[in-house]
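Hi everyone, thanks for making room for me today. Could we get the structure up on the screen, please?

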Amino acid sequence: MSSPPSVIVKAKKLQRIAKKIGFDWKNASQTLGKVYEELGELKKAIKKDDKRNIVEEYGDLLFSIINLSRHLEINSEIALKIANNKFERRFKKLQDIIVKRKLIKKPYSIPITTLEKIWDDVKSKEKK
């Protein structure tokens, strides 16, 4: 028995059906505009602390991002796997630096600004 399609696959299928009748953006730039629009709606929902609307707007944002990946001809699942691997690799380096510098005295004791600085250092060294 096969498993149901992933929600990403389902989103792409719905978007392809919509495209068949012309209900689609013409290019990636227009689709990116929709991503920004949905992000703005999510920001408003967060500001109002409207939990139900936050979930709905977050879903709309994800749907729009998947639509953007379709226009860019990017496989969303592969792109997310790459992002996960990159985050995991960088986070491991961040953890190693924290241990090496003996920064942990108790959980959550390292200021976020310090963590962000270490993160930025890890990123910059990776790009060289």
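I'll walk through one helix pair and then the aromatic rings there.

One thing up front: this is a predicted model. Okay, so find helix α4, residues 76-100, and helix α5, residues 112-126. Their axes come within 10 Å and cross at roughly 120 degrees. Angles of 65 to 115 degrees would count as roughly perpendicular and over 145 as roughly antiparallel, so α4 and α5 are oblique to each other. The crossing of α4 past α5 is right-handed.

Who's touching whom? On the α4 side you've got, among others, Phe87, Phe91, Leu94, Ile97 and Ile98, and they meet a set in α5 that includes Leu115, Ile118, Trp119 and Val122. Sort that contact by class and there are nine nonpolar residues, six charged and no polar ones.

Now the rings. How many aromatic pairs does the count come to? Two. One is Phe87 with Phe91, and that pair is stacked, with 5.6 Å centre to centre and 10 degrees between the planes. Those two sit four residues apart in α4, so about one helical turn separates them. Phe87 is partly exposed, at 46% relative accessibility, and Phe91 is partly exposed too, at 34%.

The other pair is Phe87 with Trp119: centres 5.2 Å apart, planes at 40 degrees, so we call that one tilted. Phe87 is in α4 and Trp119 in α5, so this pair ties together parts 32 residues apart in sequence. Put the rings together, and Phe87, Phe91 and Trp119 form one aromatic cluster.

That's me done, thanks!

Notes: Residues numbered from 1 in each chain as written. Predicted model: local features only at pLDDT ≥ 70, side-chain atom pairs only at ≥ 80, totals over all residues. Heavy atoms only, no water. Axes fitted to C-alpha atoms, helices over the stretch in contact; angles between N-to-C directions. Parallel < 35°, antiparallel > 145°, perpendicular 65-115°, else oblique. Left-handed = near helix turned anticlockwise from the far one by under 90°. Contact = heavy atoms within 4.5 Å. Nonpolar A, V, L, I, M, F, W, Y, C, P; charged D, E, K, R; others polar. Phe/Tyr/Trp six-rings, centres within 6.5 Å; stacked < 30°, edge-to-face > 60°. Buried < 20%, exposed > 50% of the residue type's maximum accessible area, 1.4 Å probe, protein only.
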